[in-house]
Amino acid sequence: MSNHQINPNKWIDLYSDYLYNYTISRVSDREIAQDLVQDTFLAALKSMKNFKGEASERTWLISILKRKVIDHYRKINSNKGKAEVRITYNDDSETEGDWLEERVADPFDKTAEDTMQNSELGNAIFNCLSKLPQKQAQVFRMKTIEGYETEVICNELNITASNLWVIIHRARTAMADCLKENWF
């Protein structure tokens, strides 16, 4: 266990922009994103004593924020009969956590061609994702891009695990077919 001390007085300066950009890419509403970031800081202040220093402050804050986003969508989805939830994923290549960047072996060792191919692939993926039925796109995004656990997705979307895997299989098959046609 680390003796790392956290300093909440610096959180806004150090992390607010990052947390806001992370959130806006998931909720697509400025006010909601700002509220969720504020809720994250408040929750972190309340649970500071639980911070063990096993991760960086930013990682710890992001984990709290992820729960806030999930809770936000749970609250929306708990009202049956409402429109389906839409989560947009920011395809800005400067956004940390972008799933394409995480899979590049060494982001500092890119050639211009690598960067261009990643950009083209990213555009092709998001283009194909936009062609999926809304539920498939949402499940694919949450599971494959954002890395949510099966249980979290099932609880949030009120579906069974077997239903989730059927949706994922269909989405991956459709994405593979679309990418074969539009990118390879």
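A polar contact is a pair of N or O atoms within 3.5 Å; within protein, one atom must be able to donate a hydrogen and the other to accept it, and residues adjacent in sequence count only if both atoms are side-chain atoms. The model is predicted, with local features requiring pLDDT of at least 70 and side-chain atom pairs pLDDT 80 or more, whereas totals for chains, interfaces and linings use all residues. Numbering starts from 1 along each chain as its sequence is written, and side-chain values use heavy atoms, without hydrogens and water.

Helices are DSSP runs of H or I with at least four residues, numbered from the N terminus. At the N-terminal end of α2, Asp29 acts as a cap, with a side-chain oxygen 3.0 Å from the backbone nitrogen of Glu31. Helix α2 covers residues 30–46; its 17 residues should span 24 Å at 1.5 Å a residue (1.5 Å times one less than the number of residues), and its end C-alpha atoms are 24 Å apart, in agreement.

Buried residues (under 20% relative accessible area; exposed, over 50%; partly exposed, in between; 1.4 Å probe, protein chains only) of α2 are Ala33, Leu36, Val37, Thr40, Phe41 and Ala44. Down the helix axis they fall within an arc of 140° (from directions of the axis to the C-beta atoms), so they line one face of α2. The exposed residues Glu31 and Lys46 are on the face turned away from the buried side. The cover of the buried residues includes α1 (11–27) and α3 (57–77), contact meaning heavy atoms within 4.5 Å.

Helix α6 (residues 134–145) is mostly covered, with 10 of its 12 residues buried, among them Phe140, Arg141 and Lys143. Just after α6, Gly147 has a positive phi of about 75°.

How values were computed
Helix = DSSP H or I, 4+ residues; strand = E, 2+ residues; numbered from the N terminus.
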